[in-house]
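I opened the notebook with the sequence and the structure side by side, and I wrote down what I looked up in the order in which I looked.

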Amino acid sequence: MKFIRPLCTLVFGLAVLLFFGLAYPHHLHYQEQFQLFLFDSTYVWEIVRVPGGVADLLGRFSTQFFLYAWVGALIIAVLLSAVQLLVLLALRQVLRQAQEPSQGQAQGPWIGLSFVPSFLLWLFLLDENALMGGFWAVLLTQLAVWSYALLPKGWIGRIVILVTIPILYWMVGPSWTGSHYYRYPTVTPWLLYAAWLSALVIPLLARVSRKWISSSKNFVVTACSFALVAVIMGTLVWKNANFRAEKVMQYDFMARHQQWNRILETANREKPNNQIGVTVQNLALAMHGVLLDQLFNYNQNGIAGLLPDVKEDATSPLPTAEAFYQLGMINVAQRTVFEAQEAILDFQKSGRCYKRLAQTNLINGQYEVARKYLSALQKTLFYRDWANETLSLLGDEAAIAKHPEYGRLRKMAYDEDLTFGRASSRSATSSELDGSRLTGDFYFSDHVTPEMLQSLYLRNRDNGLAYQYLVAYYLLTGDQEGYNNFISSIKQ
């Protein structure tokens, strides 16, 4: 009978690990890319100085590991299992205080009920806007309640409680509603509150029903209670998981890491039916040089599937910014990424955005601005090595010219007679599309036009990506006249 409790916890933890590692990994990547955890005293103090800051800091610290999905899945599995074990410890304390002959061992249906708070937290984490700070607030509250039960009775215990109440207030927030528990500040995370409340109520119910607990020692009853809760809550988890959003996040993740082969393999298995997926799919086709040959073998969304208009949110602009970047529209990519970062709802910074902003400023020759972003990334755990490597390129024109990515993009984005860092920010006009040398980048344009793509190609005939996108634009819009004019300009 003793092995049933750890076995149930082990099965539960393994289920959580496999779910987030296999079925929901890109939700973890999504969480990681919208924060920037810094090992910096000023950064830490700005977080912990407000009520709820400790839970928030722990949440941010653990989220940085979500860059690697299996590590993030393991962290969530361990923490959810810890919540369940703390409920069991609370049950044991209740029984010991009641001086039951079972010696404080929770039996029967209470084994299954001890998993309810963990399942509710699992449901909470299915939401891509749920933050780990709320998770830690529940865990810290449980630890405080468990510690309270261990205090000696009398005036010493009362003094300790009076001292710890303001500490707990500082750690988890006022009325248990601290900051950064949910990405939308106006949304109330009811599932989080339900998990917290159930973790406190279940031990109280055990105290009221302690006779039932002590008489329910049968292995079958215990196993069935766990199985019943697991089936009910597991079904709720699976039904409420947003697998459609997971697929969108998968395409965004693959574009972020430039996994062009994997993108096409994924699209070949199941054609994407969302704008981000189509945008990333077309970019992968173009990077392989087969966009024009394979364009209509895949789902399309008109010209919005090539370079969609940038929206005012933190997610959808990033795949489009990747296309801008690969095309050589460095200033447009830079502004798009910057505005996406500023649109993060809880006002955090982004490791992904900082990295791209460092790259665009390096290509533009804005070395001091690039250094600012790289200096911040040096204070991170997983971007530090890349930042140190990139810092060595600042000001080294020969090394940048030889770099397979930065050298190529610098040639596509600027004329040779431009001084880096002083590129014109004016938009090209149709009068400039005569094959003459163009100056500057398209900094202020929100809508990509065929004229802009034509300018990219005419300024650098090696820019095959711009050629593919331009011809695809004409094919998707049926603009025969525009295509004929483009061919004529090439011949001239």
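Is Arg-60 buried or exposed? I took this up first, keeping in mind that the model is predicted. Arg-60 comes out at 10% relative accessibility and therefore counts as buried, since the cut-off for that word is under 20%.

**Entry 1: salt bridges.** I then looked for the partner of Arg-60 and found Asp-56, with which it forms a salt bridge whose closest N and O atoms are 3.1 Å apart. Asp-56 is buried as well, with a relative accessible area of 4%. Both residues belong to helix α4 (residues 53-63), where they sit four residues apart, about one turn of the helix. I noted beside this that an α-helix has 3.6 residues a turn, so residues three or four places apart point the same way.

For the structure as a whole I recorded a count of nine salt bridges, and I followed up two more of them. In one, the side chains of Asp-252 and Arg-352 meet at 2.9 Å, N to O. That pair links distant parts of the chain, with Asp-252 in helix α13 (residues 243-256) and Arg-352 in helix α19 (residues 351-364), 100 residues apart. I found Asp-252 buried, and Arg-352 likewise.

In the other, Arg-356 pairs with Glu-322, and the closest N and O atoms are 3.0 Å apart. Arg-356 lies in helix α19 and Glu-322 in helix α17, so this salt bridge ties together parts that are 34 residues apart in sequence. Both Arg-356 and Glu-322 are buried.

**Entry 2: helix α25.** I checked the length of helix α25 (residues 464-477), which has 14 residues and should span 20 Å at 1.5 Å a residue; its end C-alpha atoms are 20 Å apart, which agrees. I listed its buried residues, among them Leu-465, Tyr-469, Leu-470, Tyr-473 and Tyr-474. I then asked what covers the buried residues of α25. The cover includes α15 (275-287), α16 (291-294), α17 (317-327), α24 (450-459) and α26 (480-491). After α25 comes Gly-478, which has a positive phi, near 70°.

**Entry 3: positive phi outside glycine.** I kept in mind that most residues other than glycine have a negative phi, and I wrote down two residues with a positive value. Gln-258 has a phi near 55°; I placed it in the loop between α13 and α14 (260-269), and it is partly exposed, with a relative accessible area of 28%. Phe-347 has a phi near 65°; I found it in the loop between α18 (330-342) and α19, and it is exposed, with a relative accessible area of 70%.

**Entry 4: a nonpolar patch.** On the surface I marked a nonpolar patch formed by Trp-155, Ile-156, Ile-159, Val-160, Val-163, Ile-167, Tyr-169 and Trp-170, which together have about 770 Å² of accessible area. I looked up Trp-155 separately and found it in helix α9 (residues 155-172), where it is exposed, with a relative accessible area of 59%.

**Entry 5: cysteines.** Lastly I asked how many disulfides a search of the whole structure finds. The search finds zero. I looked at two cysteines on their own: Cys-8 is buried, with a relative accessible area of 4%, whereas Cys-224, at 45% relative accessibility, counts as partly exposed.

Methods. Residues are numbered from 1 along each chain as its sequence is written. This is a predicted model: local features need pLDDT of at least 70, side-chain atom pairs count only at pLDDT 80 or more; totals for chains, interfaces and linings use all residues. Side-chain values use heavy atoms; hydrogens and water are left out. A disulfide is a pair of cysteine sulfur atoms within 2.5 Å. Buried means under 20% relative accessible area, exposed over 50%, partly exposed in between (1.4 Å probe, protein chains only). Helices (H or I, at least four residues) and strands (E, at least two) are DSSP runs, numbered from the N terminus. The expected span of a helix is 1.5 Å times one less than its number of residues. Contact means heavy atoms within 4.5 Å. Patches are made of residues with over 30% relative accessible area and no salt bridge: like charges are joined within 9 Å, nonpolar side chains (Val, Leu, Ile, Met, Phe, Trp, Tyr) within 5 Å. Accessible areas come from the Shrake-Rupley method with a 1.4 Å probe; for residues, only the protein chains shown count as cover. A salt bridge is a side-chain nitrogen of Lys or Arg within 4 Å of a carboxyl oxygen of Asp or Glu.
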